[in-house]
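Let's take a walk through this protein together. Have the viewer open and follow along at your own pace.

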Amino acid sequence: MRILVVEDEHRIANLIKKGLEQESYAVDVAYNGDDGYDLASTEEYDTIILDLMLPGLDGIKITENLRKEKIHTPILILTAKGQIQDKVKGLDSGADDYLTKPFSFEELLARVRALMRRPKTAVTENLVASDLTLNSKTFEVKRGGKSIELSSKEFSLLEYLMRNKSRILTKDQIISHVWDYDADILPNTIEVYIKNLRNKVDVGFKKKLINTVRGFGYKIE
Ligand code: CA
């Protein structure tokens with residue numbers, strides 16, 4: 001799952017990024033409104049965390065523009081304490097939720113999870129594909145009841161495949177959802193990750209769940 005953070009206070013932005021990455025999200029950061037809007041309107045994100053007071057385009061304007069362009073990525077706005085009118089304006093402009101600064105990271109995480117649960121994909125914590133299960137909250141992965149140890153990127157990759165069960169995902173889609181925008185990832189790298197994932201998930205089992213669709217990409221069934 002990939003998140004965009006638009007926040008001009010570097011310290012806050014970097015804390016959010018670090019915390020979310022520890023939870024296995026891929027995170028991009030924009031430190032001003034114009035960059036934030038550019039990324040939000042051209043890249044695919046699962047959630048946007050958006051500060052309201054920004055140099056360049058402000059958070060309200062960004063939200064309005066995105067909604068006008070029919071981009072419905074869930075938006076969590078960050079507001080300074082006491083600016084009730086900002087919250088109202090933010091929600092009116094099309095944001096989905098707000099959080100007042102200062103906030104605890106735990107609360108931010110809970111809001112982000114709730115927002116990701118909301119959209120059309122009906123995000124669930126327990127994903128199932130045949131006898132393979134993945135819990136996105138506890139990070140537990142099991143096949144046939146036996147625990148599987150994954151690295152954080154392997155986990156993100158498997159989660160993305162399982163959330164899109166039976167759908168073919170191209171390498172580009174995988175790169176843009178599992179890695180940060182500025183990560184230097186080559187399509188070959190995906191092959192390596194898929195191979196490692198197969199070694200852990202499919203080897204020793206009769207039914208192979210991770211399938212290569214030649215010329216297109218990968219899918220899990
Ligand atoms: Ca600000």
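The paragraphs below go from the domains to their interface, then to a single residue and a helix.

Keep in mind as you look around that this is a predicted model. A good place to begin is the domain assignment, which splits the chain into domain 1 (2-121) and domain 2 (126-220). Between the two, 13 residues from domain 1 and eleven residues from domain 2 take part in the contact. If you place a marker at the C-alpha centre of each domain, the markers for domain 1 and domain 2 will sit 27 Å apart.

How much area is buried between domain 1 and domain 2? The value is about 1,000 Å², and carbon and sulfur atoms give 43% of it. On the domain 1 side, the residues that lose the most area to domain 2 are Arg2, Ser24 and Ala26, which together make up 42% of what that side buries.

Now for the polar side of this interface. Four residue pairs are in polar contact between domain 1 and domain 2, counting pairs with both residues at pLDDT 80 or more. Salt bridges are another matter: the rule finds zero of them across the interface. Turning to the side of domain 1 that touches domain 2, helix 1 (10-22) and strand 2 each supply at least two of its residues. Strand 2 gives the most, with three residues. Sorted by class, this side of domain 1 has nine charged residues, three nonpolar and one polar.

Strand 2 deserves a second look, since Asp28 lies in it. Is Asp28 buried or exposed? Its relative accessible area is 5%, and the cut-off for buried is under 20%, so Asp28 counts as buried. Two polar contacts of its side chain are worth displaying. One, of 2.8 Å, joins the side chains of Asp28 and Arg2. Arg2 is also one of the residues in domain 1 that lose the most area to domain 2. The other links the side chain of Asp28 with the side chain of Tyr45, at 2.7 Å.

Finally, let's move along the chain to helix 7 (residues 171-178). Which residues of helix 7 are buried? They are Ile174, Ile175, Ser176, His177 and Val178. Colour them, and you can trace what they pack against: strand 1 (2-6), strand 2 (26-30), helix 6 (152-163), helix 8 (187-201) and strand 11 (217-220). Strand 2 thus turns up once more, as one of the elements that the buried residues of helix 7 pack against.

Methods: Residues numbered from 1 in each chain as written. Predicted model: local features only at pLDDT ≥ 70, side-chain atom pairs only at ≥ 80, totals over all residues. Heavy atoms only, no water. Buried < 20%, exposed > 50% of the residue type's maximum accessible area, 1.4 Å probe, protein only. Helix = DSSP H or I, 4+ residues; strand = E, 2+ residues; numbered from the N terminus. Contact = heavy atoms within 4.5 Å. Domains from an automatic or database assignment. Buried area = accessible area lost by both parts, 1.4 Å probe. Salt bridge = Lys/Arg side-chain N within 4 Å of Asp/Glu carboxyl O. Polar contact = N/O pair within 3.5 Å; in protein donor to acceptor, adjacent residues only side chain to side chain. Nonpolar A, V, L, I, M, F, W, Y, C, P; charged D, E, K, R; others polar.
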